[in-house]
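Open the model in your viewer and have the selection tool ready. This tour goes stop by stop: what to select next, and what is there.

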Amino acid sequence: MNMKAYGTLLLATCSAILTTQLSTPAHAQAPLSAIGKGEGELNVVAWEGYADDAWVKPFEQTTGCKVHRKYVGSSDEMVALTRMGGGKGFDVVSASGDASLRLIFGKTVQPLNTALITAFDDIMPELKAPGFNTVKDVHYGVSYEWGPNVLMWNTKDITTAPTSWSIIYDKAYAGVITVPDNPIQIADAALYLSHTKPELGITDPYELTQPQMDAVVALLKEQRALVKKYWALASDEVDLFKSGDAHVGAAWPYQANTLRAAGVPVQDIIPSEGATGWADSWMISTHAQHPNCAYLWINHVMTPKVQAQQALSFGETPANTKACAEMDALQPGSCKQYHADASPAYFSSIKFWKTPVRQCGNGQNTCLDYSAWQRAWQQVKQ
C-alpha cells in the first residue's frame with residue numbers, strides 16, 4: 001500500500017486521537033463472557049508473516065473460521081487501515097507498541113476478557129500488563145512476540161567491537177551507517193541523549209517536551225549526512241550489509257541471524273545505553289463481526305507450538321514462556337539465540353515502543369504526541 005496516501009490521513013487524525021485524556025476509553029462493545037461457536041470468518045490485519053499458512057490452515061480446519069488476511073508494512077499503515085470504514089473492516093490486528101495506544105484511545109479496539117485466553121497465565125510477567133496494551137488495569141491486547149532494536153556491525157570492517165550507540169553518530173563512519181526509516185527511531189536518539197546529555201532531563205525516550213525534541217532532531221539531522229540509507233524493510237538492511245554498503249547500523253535480531261546464516265560476519269549487542277524494542281499484541285476490533293473466531297484465533301496463536309513457529313519464521317521472541325522447548329525442538333539452540341530464556345535484567349534493558357502522547361508520566365501535558373513525532377521525522381529527512 002502507498003504510505004504517502006496514508007500520511008495525509010494520519011497527520012489529520014492522529015493529533016485529535018492522541019490529545020484524548022488518559023482515562024479508560026469507553027467502547028461500544030463489551031468483551032465476550034464465553035467463547036461460542038465460530039462465525040465461519042475472520043478478518044485479520046497483521047504484519048506480513050503473522051498469518052502464515054503453517055498455522056492458519058490448522059486453525060481453519062479446527063474452528064471452521066476462514067481467515068482473510070490484510071498485510072501492512074508499517075504501524076502508521078496499520079492504524080490507517082484499521083480506522084477505515086469506521087473500524088468495521090477487521091476482527092483482529094497484530095499491533096506494535098507504537099500503534100496500540102492509538103488504537104485504544106481511538107476506540108478502534110475493545111477490552112479483552114483475559115479469562116478466555118488459555119495461555120494468559122503462561123505469558124512472561126513483564127508482558128502480561130504492559131503499558132502499551134493495558135490501560136488502568138484494563139487489557140486491550142495480548143502480548144504476542146517481541147524483540148530488541150540492536151546495534152549490528154560487520155566484524156571484518158569494524159574490528160574493535162563497539163559498546164555504545166555513539167558509533168552510529170560518528171563521522172568516522174560516514175556513508176556506511178544505516179538506521180530504520182520510522183518516526184519511532186526518534187526514541188533511539190532520545191535514549192542515547194538521556195545518557196550523554198543528562199542535562200536535557202530525558203527520563204523516558206517516548207515522553208519528549210519540545211526542547212528535548214529539538215535536541216533530538218538536531219542530533220538526527222547531523223546523523224542524516226552520515227547515513228547510507230534509511231531502511232524500511234528488514235530485507236533492505238540485509239542487502240546493504242551483504243553488498244558492503246553498510247558496515248554498522250540499528251537492526252533487529254532477525255537481520256543479524258539472517259546475515260550470519262548467509263556467511264556475513266556480523267555481531268549484534270544491546271549497547272551500554274540500553275535499547276528500544278518492540279512487542280506486538282493481538283487486539284480485537286471494537287466492531288468485530290466475528291468475535292468468537294477472534295478469541296479462537298488468539299488462543300491458537302498463543303499456543304507454544306505456534307509461538308515457536310512464528311518466532312523462528314520471523315526472527316523474534318515469543319511471549320509464551322512455554323514456547324522455549326518447542327523452539328529448540330524445531331531448531332536446536334534457537335531458544336537462547338532469540339533470547340526466549342532472557343533474564344529479567346536483559347528484558348529491563350529494553351525500552352519498549354509505546355505511542356507518544358501529550359500526557360507525560362509526571363502528570364504534565366507538555367509532551368509531544370505522535371503526530372508531532374511524524375512532523376519531526378520529516379524535518380530530519382528533508
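Is the disulfide of Cys360 and Cys367 left-handed or right-handed? Select both residues and look along the S-S bond. The torsion about that bond is about 120°, so the disulfide is right-handed. Keep in mind throughout that this is a predicted model.

**Stop 1: Cys360 and Cys367**

Stay on this pair for a moment. The two sulfur atoms lie 2.0 Å apart. Now check the burial of each partner. Cys360 has a relative accessible area of 10%, so this residue is buried. Cys367 is at 5% relative accessibility and also counts as buried, because the cut-off for buried is under 20%.

**Stop 2: the other disulfides**

The count of disulfides comes to three. Select Cys65 and Cys293 next. Their sulfurs are joined at 2.1 Å, S to S. The torsion about this S-S bond is about -85°, so the disulfide is left-handed. Follow the chain from one end of the link to the other. Cys65 sits in the loop between helix H2 (53-63) and strand E2 (66-72), while Cys293 belongs to helix H9 (residues 291-301). The pair links distant parts of the chain, 228 residues apart. Both Cys65 and Cys293 are buried.

Now select Cys324 and Cys335. These two form a disulfide with their sulfur atoms 1.5 Å apart. Cys324 is in helix H11 (residues 323-330), and Cys335 is in helix H12 (residues 334-337). The separation along the chain is 11 residues. Both Cys324 and Cys335 are buried.

How are the bonded cysteines paired along the chain? Count them in order, and the pattern is 1-2, 3-4, 5-6.

**Stop 3: Ala340**

Move to Ala340, in the loop between H12 and helix H13 (344-348). Is this residue buried or partly exposed? At 24% relative accessibility, Ala340 counts as partly exposed. Leaving out residues up to four places away in sequence, Ala340 touches Thr317, Pro318, Cys324, Met327 and Cys335. Cys324 and Cys335 are the disulfide partners from the previous stop. Now add Glu145 to the selection. Ala340 and Glu145 are 195 residues apart along the chain, yet their C-alpha atoms are separated by 10.0 Å.

**Stop 4: helix H10 and Gln310**

Select residues 304-314, which make up helix H10. Colour its buried residues: Val306, Gln307, Ala308, Gln310, Ala311 and Leu312. What do they pack against? Their partners are H2, E6, H9, strand E13 (317-318), H11 and H12.

Zoom in on Gln310, which is in helix H10. Gln310 has a relative accessible area of 0%, so it is buried. Beyond its neighbours within four places in sequence, Gln310 is in contact with Gly49, Tyr50, Trp55, Tyr144, Glu145, Gly315 and Glu316. Click Gly315, just after H10: this residue takes a positive phi of about 80°.

**Stop 5: the cavity**

Keep Gly315 selected, as it is one of the residues lining the largest cavity. Add the others: Trp146, Gly147, Pro148, Pro253, Glu316, Thr317, Tyr338 and His339. The structure holds one cavity of 30 Å³ or more. About 30 Å³ of space lies inside the largest cavity. Which element gives the most to this lining? Strand E6 (residues 142-148) does, with three residues. The lining divides into four nonpolar, four polar and one charged residue.

**Stop 6: the nonpolar cores**

Select Trp282, Trp297 and Trp373. The largest nonpolar core has 101 residues, and these three touch the most other members. A second, separate core has 11 residues, including Val238, Leu240, Ala251 and Ala256. Go back to Trp297 and show its contacts. Not counting residues up to four places away in sequence, Trp297 touches Leu42, Tyr50, Ala51, Trp55, Val56, Phe59, Val67, Val92 and Trp282.

**Stop 7: Thr178**

Finish at Thr178, in strand E8 (residues 177-180). Thr178 has a relative accessible area of 0%, so this residue is buried. Setting aside residues up to four places away in sequence, its contacts include Val227, Lys229, Trp231, Glu237 and Leu240. Leu240 also belongs to the second core. Thr178 and Leu240 are 62 residues apart in sequence and 8.3 Å apart in space, C-alpha to C-alpha.

Notes: Residues numbered from 1 in each chain as written. Predicted model: local features only at pLDDT ≥ 70, side-chain atom pairs only at ≥ 80, totals over all residues. Heavy atoms only, no water. Core = buried A, V, L, I, M, F, W, Y, C linked by side-chain atoms within 4.5 Å. Buried < 20%, exposed > 50% of the residue type's maximum accessible area, 1.4 Å probe, protein only. Contact = heavy atoms within 4.5 Å. 1 Å grid on protein atoms, 1.4 Å probe; cavity = no way out; pocket = protein on both sides within 12 Å on 5 of 7 lines; lining within 4 Å. Points joined across faces, edges and corners; volume = space filled by probe spheres on them. Helix = DSSP H or I, 4+ residues; strand = E, 2+ residues; numbered from the N terminus. Nonpolar A, V, L, I, M, F, W, Y, C, P; charged D, E, K, R; others polar. Disulfide = S-S within 2.5 Å.
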